[in-house]
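These are my notebook entries on a single structure. I set out to look up ring pairs, charges over rings, and the surroundings of selected residues and of one helix.

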Amino acid sequence: MGVAGSTGPVMDRDEVDRALARLGAEHEAIETSLLALQDHAGRRLLEGAELTGVTKERWESTEASITLLWAYFDAYSDALRSAREIRSRRRWSSREDLVELTELLRGEAVTVAGSATAMANAPTLQGTGRLSEQFSLSTLVDRMNDLYAASLDMVVAADAVWSALPARIDLLAAELQRTRQLAHSVGVRPGEHPAGDDLERITRTLTRLREEVVSDPLAYWVPAQGSSAPGSGRPDLSTYDREARALDDVRREIEAVLMVRQDAEARLVKLRDVLSRADRTLAEARSARGEVLAKIAATEVPVVSGPPTVLQEQLALAAEYRRHGQWHRLSPLLESLEQKADDELLRARESLTAVTAPLAVRAELRGRLDAYKAKVARHGLAEDSLLVERYDAARRMLWSAPCDLRVAEQAVLRYQHAVAELLGAPVPGRPEPRDREGEES
């Protein structure tokens, strides 16, 4: 839409012709814009929709503005037609014609009937008490520009929301339905699993969102800050995006449950194996404890506890969940059991290690004693009476039951010291003398 001229002195013929050409082009542009607005898909949707809220209020005002726009345009067209008729009377317009044309083109010579503006329910003559209103063509164009911009802004905003949100909501609702069916197949239901409750909440939210978007699209429109161009802004997708993320979280939860269904038997078999190994290890530890108590004297041997029955009960419950297809309950139980079973096997191994430690000490002392005896034999001292005496004393202690480890260790050390002194080697457990040069043992 163009901008009309302002009032001034009587126009000459050239000024009139230029003004008429400009107004003709302006008239064509205005008509094109109004027809485009009339045919806009958003406007047609607004006309046929059952609107609520802010959209209903804005559309009532916009519809009135569009009616008023056409009333203004008709008055503008009539004025332009009259001006063209006056100019076409003579090839060279008389002064009277030029005065009339100047008044028509620059003065407040356009009359808009009060009944037309009153019907439009727009801010015009209502409340003024007048039956008509006078405009200059310039003022009339400004009015039409303002009304057109406000009307187009409302129509474009509503159309943008309707173009962006309902289709997305429908796609998300279809995905939601598939997820609900999948959830139902693995036992994820409202009231029984948090994911089932989430699906119900998402369903309610999407249903409400779609109804609100269809009836009140402007409630989901965010105008652009600092822009006066019609339709500047964007649809508010925050609610949709939040529910889409929530559905993704639920889908991942369902997929995790599905994975449980696929490998549940293998995981249960592995669990039974781990707990069985833990039980066998504890049984071995209890048996080893009896052996230690019988063979080792003066030693504190830790008590070995039995296998925890609660793990077997939970394992039986997990198998029950699997038989009845309660995958949503089996999933967290399996994860907990797997960690507890690993911990139980580690505890059993630690118990066995702690119980058999005295036997390991005795075995180490026996090995050390035999190693020193072999060393003595390589040096040809196997018949040394002191070494034979000390070896026999240590051997009797280590191979007798119950064996006193503290006394046996001292006997092995005495044998080592004797061997070291005979061989001239450093004595185990003693600092080496600083000056032994030239001495022979």
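The entries below record what I looked up, item by item.

**Entry 1: aromatic pairs.** I noted at the outset that this is a predicted model. I then searched for rings whose centres lie within 6.5 Å, and the count came to three aromatic pairs. I examined the pair Tyr72 and Phe135: the ring centres are 5.4 Å apart and the planes meet at 70°, so I entered the pair as edge-to-face. I looked up where the two partners sit and found that the pair links distant parts of the chain. Tyr72 belongs to helix α3 (residues 53-87) and Phe135 to strand β2 (residues 132-135), with their positions 63 residues apart. I also checked burial, for which the limit is under 20% relative accessible area. Tyr72 has a value of 0% and is therefore buried; Phe135, at 3%, is buried as well.

**Entry 2: charges over a ring.** Which residues lie over the face of Trp399? I found Arg366 there, at 4.4 Å from the ring centre. I found Arg395 over the face of Trp399 too, again at 4.4 Å from the ring centre.

**Entry 3: Thr281 and Ser351.** I located Thr281 in helix α8 (residues 238-295). Its relative accessible area is 13%, so I recorded Thr281 as buried. With neighbours within four places in sequence set aside, I listed Leu345, Ala348, Arg349 and Leu352 as the contacts of Thr281. I placed Ser351 in helix α10. Is Ser351 buried or exposed? The relative accessible area of Ser351 is 17%, so this residue is buried. Under the same exclusion of neighbours within four places, I found Ser351 in contact with Leu282 and Ala285.

**Entry 4: helix α12.** I compared the length of helix α12 (residues 405-423) with expectation: its 19 residues should span 27 Å at 1.5 Å a residue, and I entered agreement because the end C-alpha atoms are 27 Å apart. I listed the buried residues of α12, among them Leu405, Val412, Tyr415, His417 and Val419. I then asked what covers these buried residues; the covering elements include β5 (296-297), α10 (327-378), α11 (385-398) and β6 (403-404).

**Entry 5: the ends of α12.** At the start of α12, I found a side-chain oxygen of Asp404 within 3.2 Å of the backbone nitrogen of Arg406. Just after α12, I noted that Gly424 has a positive phi of about 75°.

Definitions and conventions:
Residues numbered from 1 in each chain as written. Predicted model: local features only at pLDDT ≥ 70, side-chain atom pairs only at ≥ 80, totals over all residues. Heavy atoms only, no water. Phe/Tyr/Trp six-rings, centres within 6.5 Å; stacked < 30°, edge-to-face > 60°. Helix = DSSP H or I, 4+ residues; strand = E, 2+ residues; numbered from the N terminus. Buried < 20%, exposed > 50% of the residue type's maximum accessible area, 1.4 Å probe, protein only. Lys NZ or Arg CZ within 6 Å of the ring centre and 35° of its normal. Contact = heavy atoms within 4.5 Å. Expected span 1.5 Å × (residues − 1). Polar contact = N/O pair within 3.5 Å; in protein donor to acceptor, adjacent residues only side chain to side chain.
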